[in-house]
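Reader: Hi! I'd like to take a close look at one part of this protein, the sheet. Could you walk me through it?

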Amino acid sequence: QEVLHGVLPGAEVLVVSNREPYIHNAMEAGRVVQRPASGLVSALEPIMRACGGTWIAHGSGSADREAVDENDRIRVSEVAPAYTLRRIWISEEEQDGYYYGFANEGLWPLCHIVFVRPTFRLTDWQMYRQINQRFADAVVAEAHTEDPVVLVQDYHFALAPRMIRERLPKATIITFWHIPWPNAETFGICPWRAEIIEGMLGSTIVGFHTQFHCNNFIEGVDRFVESRIDREVQTVSLGGHETRVRAYPISIEWPPSELEKLPPPAHCRSDVVAQFGLAEGTRLIVGVERFDYTKGILDRMRAVDALLSRNLAWRDRLVFVQVAAPTRSKLSSYSKLQAEAEELAAEINGSYPGRQPVIHLIARHYEPAEVFRLFRAANACVVSSLHDGMNLVAKEFVSSREDNAGVLILSSFTGASRELSEALIVNPYDTEEMASAIELALTMPIQEQAERMKLMRQQVKEHNVYRWAGAMLVDAARSRTRERVLGLA
Ligand code: F6P
């Protein structure tokens, strides 16, 4: 936190993201405030609480327009220093094109390589451009200085950096891409590949979670845009403007503030045992995410089933609680997944009659406190993403285990697997391997669990979200000084 305050003294910070950090809804009993299920929000929120500034986001879940003032602004003042949340309202037609269409039917499957065919429509692209322009205009309107630090978040805003640069040439723009970046061959499928890359190159810095994704991005630049690339220092020059491409592995707040309010693991365990009516001695596996086809939810249910059919002894001793928050349900790829998962859970539960249900599939949003309670109660947590930029659930699970117990089963296709190598690393496409990993986790001696957990906790503690933001801001400060010294600014 100190790093954040010290690095860019006096600089104005603006964040641009699609997802809003708080959802406000007016209910009969009063205003209900919710935190959306989003890795991006859990990472950025503590940073904004530490820095202050303005966060510009789509008021996507908030129906309560009274919560904002006449300029669509609200003060988020839970913790000092407060920051301002500026909401942008988007019509249903715009949302269909920009968010559901281009961002989530085009870029999302394109970047995750999960065999869901990306769909690109001209009308979606036009809407995407229009909304990027609206957010860029909001940045210009909200900025009080000519050289603010603008943090552009994710694949919803690939075009905004160039649009902001045109109006605020002295701004320091850091664009962070929270999802994977595929190889040039794959990215080339997108009809507007050059425009997307050129838009991002309006940034001072483009960040990804891993070096692998930085390399893929540079390959894409090389293939589709006329520019000068310096591979050694990883910079790209286009039209006299230089962009640095760097890996900044995102992380979580340490310790998560939610944990302060929670009882110790043993207490959480008894709460969860009572909640699910678990029989004495039951081993509990958990999974928590958005109901997204990139997360490998069906694959892990199949692995549980494979383990039960392979080893009868587990039939009365194993329960899997999967929390999946419905998301983007308007898209058939998402609603189909939910229906398929519900069917599979029922089928698996049906094949082991006369015992407690094997799978509890909870299709609703869990507030952070509920998630951490579940983590603390679990014997193992499964993160089986088919492809994931980082995956913060893995880090949150580790952070919740002050008792150094519990085992993390982690897909090798997550950015997190590069840092948490003491987890049981699995290929989520290999059902039998995952079944074996679950069994190994549930039989792992407590001593070994503690050794692995301590190392992972140390890693997340040292490489927390302040370090992620600090590293980007230190690089940004260096660029600002360099431009000033070289007379470029
Ligand atoms: O990082 C991936 C991401 O799409 C974020 O941009 C977003 O906040 C989160 O997952 C949740 O997705 P959505 O906002 O579409 O529900």
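Reader: To start with one detail, which residue in E12 is the bridge partner of Ser 237?

Author: Happy to, and keep in mind that this is a predicted model. The partner you're after is Glu 242, which sits in E12. That pair belongs with strands E11 (residues 235–238) and E12 (residues 241–247), which run antiparallel to each other and are joined over 4 bridges.

Now zoom out to the whole sheet. It's an open one made of 10 strands, and if you walk across it you meet them in the order E5-E6-E4-E1-E7-E8-E9-E12-E11-E10. The pairing is mixed. At the edges you'll find strand E5 (73–76) and strand E10 (228–230), each of which has a pairing on one side only. Going from one strand to the next, the twist averages 20°.

Next, look for helix H5 (residues 160–167), which packs on the sheet. H5 touches three strands there: E1 (13–17), E7 (149–153) and E8 (172–176). Compare directions and you'll see that H5 makes about 175° with E8.

Let's finish with Val 16. Leaving out residues up to four places away in sequence, Val 16 touches Ile 56, Phe 135, Val 139, Val 150, Leu 151, Val 152, Gln 153, Phe 157 and Ala 160. Val 16 is also among the residues with the most contacts inside the largest nonpolar core, and so are Val 150 and Leu 151. That core has 137 residues. As a bit of background, nonpolar side chains tend to be buried together in soluble globular proteins.

Methods
Residues are numbered from 1 along each chain as its sequence is written. This is a predicted model: local features need pLDDT of at least 70, side-chain atom pairs count only at pLDDT 80 or more; totals for chains, interfaces and linings use all residues. Two strands pair if DSSP finds at least two bridges between them. Helices (H or I, at least four residues) and strands (E, at least two) are DSSP runs, numbered from the N terminus. Axes are lines fitted to C-alpha atoms, for helices over the stretch in contact, and angles run from 0 to 180 degrees between N-to-C directions. Two residues are in contact if their C-beta atoms, placed from the backbone, lie within 7 Å. A nonpolar core is a set of buried Ala, Val, Leu, Ile, Met, Phe, Trp, Tyr and Cys residues joined through C-beta atoms within 7 Å. A residue is buried if 20 or more other C-beta atoms lie within 10 Å of its own, exposed if 12 or fewer, and partly exposed in between; C-beta atoms are placed from the backbone.
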